[in-house]
Amino acid sequence: MRTGKGVEWAVHTLLNLAWLGDGEPVSTAQLAAGHDLSASYLNKQLQQLVKAGLLESVPGARGGFRLALPLEAVSMLDVVLAIEGDEPLFRCAEIRRCGSIGEQVPESGFSRPCAVNNAMAQAETAWRRALAEQCLADVQATAVAHTPALASYVKRGMGHD
């Protein structure tokens, strides 16, 4: 299954806000600069995270974004759904009915759902289940296990020494 870069950007942003750890709002520009991302594109992702209840938007000159929930309460699926929505990733177009092959099959041959669609739906269900079982705190713990000083690198990279 494939997700867009917006999901990656959103997960890193949520993790970075957690590593900053002070609960103070961080501007879009500062969050984007941390990974050399487009601030305007990242802002779209941030607004979707706010709408999903994963971030809070703080208005004003010293405003920005902060976590709305602890990382333990946010699954990877929550982020995917916030950014990409809950539409199925595969949409069966019933091509089995089309063309010279489809013309050869009697109507009774289409009485059951498309086997390709079934296979894709099963794979997507498993993928979503796996994402739902992983909270962002688990992802954060894995990242820290790989790079123990990661929180300090994020703080320095975001100018929060």
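**Helix α1, its ring pair and the nonpolar core**

Y41 has a relative accessibility of 28% and therefore counts as partly exposed, since partly exposed covers the values between 20% and 50%. This value, like those that follow, was computed from a predicted model.

Y41 takes part in an aromatic pair, and a search of the whole structure finds 1 such pair. The partner of Y41 is W9: the ring centres are 4.8 Å apart and the planes stand at 90°, so the pair is edge-to-face. The reasoning rests on a cut-off, because planes over 60 degrees apart count as edge-to-face. W9 belongs to helix α1 and Y41 to helix α3, so the pair ties together parts that are 32 residues apart in sequence. W9 has a relative accessible area of 13% and is therefore buried. The ring of Y41 also has a charge over it: the charged end of K5 sits there, 5.3 Å from the ring centre.

Helix α1, which carries W9, has 16 residues, and at 1.5 Å a residue these should span 22 Å. The C-alpha atoms at the two ends of α1 are 22 Å apart, so the model agrees with the expected span. Of the 16 residues in α1, 12 are buried, so the helix is largely enclosed by the rest of the structure. The buried residues of α1 are G6, V7, W9, A10, V11, T13, L14, L15, N16, L17, W19 and L20. Just after this helix comes G21, which takes a positive phi of about 70°.

Two of the buried residues were followed further, V11 and T13. T13 lies in α1 and has a relative accessible area of 3%, so it is buried. When neighbours within four places in sequence are left aside, T13 is in contact with L31, L42 and L46. V11 also lies in α1, and its relative accessibility of 8% is under the 20% limit, so V11 is buried as well. Not counting residues up to four places away in sequence, V11 touches M76, V79 and L136. A position away from these contacts is I101, which is 90 residues from V11 in sequence and 45 Å from it in space, C-alpha to C-alpha.

The largest nonpolar core has 35 residues, and those that touch the most other members are V11, L31, L46, L49, L55, V79 and L136. Two or more residues of this core come from each of α1 (5-20), α2 (28-33), α3 (39-51), α4 (76-84), α6 (115-132), α7 (136-146) and α8 (150-157). Helix α1 gives the most to the core, with 9 residues. Some of the contacts described above join residues on this list: V11 touches V79 and L136, and all three are among the core members with the most contacts. L31 and L46 are on the list too, and both are in contact with T13.

Helix α2 also holds A33. The relative accessibility of A33 is 58%, so this residue counts as exposed. A33 and M158 are 125 residues apart along the chain, yet their C-alpha atoms are separated by 7.6 Å.

The loops that follow α2 and α4 each contain a residue with a positive phi. D36, in the loop between α2 and α3, has a phi of about 55° although it is not a glycine. The relative accessibility of D36 is 72%, so D36 counts as exposed. E94 lies in the loop between α4 and α5 (99-104), and its phi is near 55°, again a positive value in a residue other than glycine. E94 is at 26% relative accessibility and therefore counts as partly exposed.

Cysteine pairs were examined last, and the count of disulfides comes to 0. C98 is in no disulfide, and the nearest cysteine sulfur, that of C92, is 9.8 Å away. The limit for a disulfide is 2.5 Å between sulfur atoms, so a distance of 9.8 Å does not qualify. With a relative accessibility of 46%, C98 counts as partly exposed. C135, in contrast, is at 15% and so counts as buried.

How values were computed. Residues numbered from 1 in each chain as written. Predicted model: local features only at pLDDT ≥ 70, side-chain atom pairs only at ≥ 80, totals over all residues. Heavy atoms only, no water. Core = buried A, V, L, I, M, F, W, Y, C linked by side-chain atoms within 4.5 Å. Buried < 20%, exposed > 50% of the residue type's maximum accessible area, 1.4 Å probe, protein only. Helix = DSSP H or I, 4+ residues; strand = E, 2+ residues; numbered from the N terminus. Contact = heavy atoms within 4.5 Å. Expected span 1.5 Å × (residues − 1). Phe/Tyr/Trp six-rings, centres within 6.5 Å; stacked < 30°, edge-to-face > 60°. Lys NZ or Arg CZ within 6 Å of the ring centre and 35° of its normal.
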